[in-house]
Amino acid sequence: MHMGYKRIKMNSIVFALNLLASIVWSAPPRCEPGDAILGRCRIPVEEKPQCTNIVLGYCDDMPYSKTLFPNLLDNKNREELEMGTEYLLLSVIHTLLNGECTPDIRMLGCSIIAPRCENGKIMKPCRSTCESVRKNCIHAFEGIKMAWPYFLDCDRFFVGEEEGCYDPLENLREKQEVALASISPEEPSTIIQFTYHSHLQMENVLKKTAARCSDISRTYSIGRSFEGKDLLVIEFSDNPGQHELLEPEVKYIANMHGNEVLGRQLLIYLAQYLCSEYQLGNERIQTLINNTRIHLFPSMNPDGYELAAAEGHRYNGWTSGRANAQNIDLNRNFPDLTSIVYSRRRNKGYRTDHVPIPDSYWFSKVAPETYAVMKWVRSIPFVMSASLHGGELVVSYPYDFSRHPEEEKMFSPSPDEQVFKLLSRIYADAHPTMSDNSTDRCGASFASKGGIINGAMWYSFSGGMSDFNYLHTNCFEITVELGCDKFPSEDELYLGWQQNKEPLLSYLEAVHRGIKGIVKDETGKGIKGARISVRGVRHDIFSAEDGDYWRLLTSGTHIITASAPGYTKVMKKINLPPRLQKAGRVDFILKREILEPGINDHFPAQDTYDRFDPFNQFERYTQRETGEPGEEEVQEKPWWWSYFALSGNAAPTWLLRNY
């Protein structure tokens, strides 16, 4: 039996060896060099990738019908692609972006996940198309705090025209051209939707406007509200982001009181108007933007606005949302420099300019919105400003605080009373009803005064923003009350725009009145911080970084003096004609001199003026500026994260902006 088992085992081994030999002999012989040509062997033919039909519901409108796997993201087949986060993002992008930039973004993404296939090869989309879409749509991603998707990296996945690329949006463009051709030709005009905007919608509109006019516009944040909302500004200039020599800076601030909303909407509309009209070739707007740096700050109190908007115009918005989320009235929260000026007015040589912030102020309750605005106005050499409010129809101007503390309504003029009256009248006179002498209208109590009034004569309050601008910086600010209804109904917004569009533009143009120039030393270098004085006016302004300055003045003859520590004074007599619409150019060249004790006593102590937040009480408000997100911000996921968290895929951390 043992011998039988050995025989069976041997037969099995022989059978296996014979089988192996037959397989080896039947296999194609190994090709040596030259053997294939002589027919001695065959080289196995690899199957070439084949173009296949696009069978993807969200990519069925592409200008081509064939794609190829693996695709540009290395997905091996359609099933793997459809399970990926990239395809999921394209399927919900319309919802996430609230319809903005779609189908552009979706089709751009489809050109990567389902690339065009011709003759068995993948064609890459054009980089120029990607860059154009990114420029126009990045604001929408920023609005929901989402990073630009990695697979839409224009340098990584897209190529130049010289490499034979194609436009994945060509069908979309053809449809748009057909639609435009069907519209009867009319004079081009700016189209604005006169609706209210939530804070997020406002951010999207401003960022979209800046993207559309990126050559003349940009958005930037000056800080955050108490509840963490961006304090967003949109700027217009022929060189956005830069102060240009001799180009004046002007700003509009609205919605300081969250329930006073018309000004907020007007600045959103004004931003759209400036962008569109500049592109349409409006010479007036082009001249204004090419020669002025304009800053529009639509909502200084976004937290208060959200509260007021929850109630809306039904309650006329008189109380809810006026203050910020800390219940601080922002127009009573600035340093009271007016009282300091009044207390010094009997001193010989007292000044009413660049008054330092007292250290005691920082121990009071300072709102983050106030803090952000103070830092902002100290960082840019603003010449002129207007704060837009609601509840009356009038323009008021400094001083807002009465020169006698027990008098609630007392005429309290600043040294620049005549300049402020001129600026106020420019706005009021351009308005169809503000300066009307009718007594049967909103603002009728100011009819006899032509629609303008000294603030303290109307009613007195301390800690106002306009007084702070005037007494702490070079900036002249007025307060514009836009109407008796603080929260007008939506169907009244168009009328509000029609009434205020011309006043808003005329006031911006008024920054070019008075004189401007450069203060230089003998080598031609600009002198920073040179003092420009006007005889008879106890309020001076200082030159900017490169020695340029602007001094708003009324018409007439003026004696102007330029001085700086370590230099001799230079005095000039000028005459400004009544109808001068352009600032007169007055330059100064100062010579070096040997200082004598006490010679510069009339200059403010720079170290005192520079003591901004000396006790570092508000470091938390500047955290965003340093680019260091707080612990809470890193841990908390945005609202759209739930779209992807339950998909079963790896977490798309590439969509998180600060990851």
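Visitor: Which residue lies over the face of Y305?

Guide: Welcome! Keep in mind that this is a predicted model. Look at the ring of Y305: at 3.6 Å from the ring centre you will find a residue lying over its face. That residue is R264.

Visitor: And what is the distance between the charged end of K637 and the centre of the ring of W641?

Guide: Here the charged end of K637 sits over the ring of W641. A charge counts as sitting over a ring only if, among other things, it is within 6 Å of the ring centre. For K637, the distance to the centre is 5.8 Å.

Visitor: Let's turn to rings that pair with each other. How is the pair of Y58 and Y87 classed?

Guide: A pair of aromatic rings is described by the distance of the centres and the angle of the planes. The structure holds 36 such aromatic pairs. For Y58 and Y87 the centres are 5.7 Å apart, with 65 degrees between the planes. Planes over 60 degrees apart earn a particular name, so this pair is edge-to-face.

Visitor: Is Y87 buried or exposed?

Guide: Its partner Y58 has a relative accessible area of 38%, and is partly exposed. Buried means under 20%. Y87 has a relative accessible area of 8%, so Y87 is buried.

Visitor: Where in the chain do F446 and W458 lie?

Guide: These two rings form an edge-to-face pair, 5.3 Å centre to centre and with 85 degrees between the planes. Their pair links distant parts of the chain, twelve residues apart. F446 lies in the loop between α14 and β11, and W458 in helix α15.

Visitor: Which helix gives the most to the largest nonpolar core?

Guide: That core has 104 residues, and F236, Y252, L296 and W376 have the most contacts inside it. One helix gives eleven residues to this core. It spans residues 262–279 and is helix α9.

Visitor: How many residues are in the other core, the one with F69 and W148?

Guide: This core lies apart from the largest one. Among its members are F69, V133, W148 and C154. The number of residues in this core is 46.

Visitor: Now for the sulfur atoms. Is the disulfide of C59 and C110 left-handed or right-handed?

Guide: A disulfide is a covalent bond between the sulfur atoms of two cysteines. In the pair of C59 and C110, the sulfur atoms are 2.0 Å apart. The torsion about their S-S bond is about -75 degrees, so the disulfide is left-handed.

Visitor: How many residues apart in sequence are the parts tied together by C213 and C275?

Guide: C213 and C275 form a disulfide with sulfur atoms 1.9 Å apart, and both cysteines are buried. C213 lies in the loop between α8 and β5, while C275 is in helix α9. The pair therefore ties together parts whose separation in sequence is 62 residues.

Visitor: Are C442 and C484 buried or partly exposed?

Guide: A disulfide joins C442 to C484, with the sulfurs 2.1 Å apart. C442 has 26% relative accessibility, and C484 has 30%. Buried would mean under 20%, so C442 counts as partly exposed, and C484 also counts as partly exposed.

Visitor: How many disulfides does a search of the whole structure find?

Guide: We have visited several of them, including C59 with C110 and C442 with C484. A search of the whole structure gives the total, and the number of disulfides is seven.

Technical notes: Residues are numbered from 1 along each chain as its sequence is written. This is a predicted model: local features need pLDDT of at least 70, side-chain atom pairs count only at pLDDT 80 or more; totals for chains, interfaces and linings use all residues. Side-chain values use heavy atoms; hydrogens and water are left out. Rings of Phe, Tyr and Trp (its six-membered ring) pair if their centres lie within 6.5 Å; planes under 30 degrees apart count as stacked, over 60 as edge-to-face and the rest as tilted. Buried means under 20% relative accessible area, exposed over 50%, partly exposed in between (1.4 Å probe, protein chains only). Helices (H or I, at least four residues) and strands (E, at least two) are DSSP runs, numbered from the N terminus. A charge sits over a ring if NZ of Lys or CZ of Arg is within 6 Å of the ring centre and within 35 degrees of the ring normal. A nonpolar core is a set of buried Ala, Val, Leu, Ile, Met, Phe, Trp, Tyr and Cys residues joined through side-chain atoms within 4.5 Å. A disulfide is a pair of cysteine sulfur atoms within 2.5 Å.
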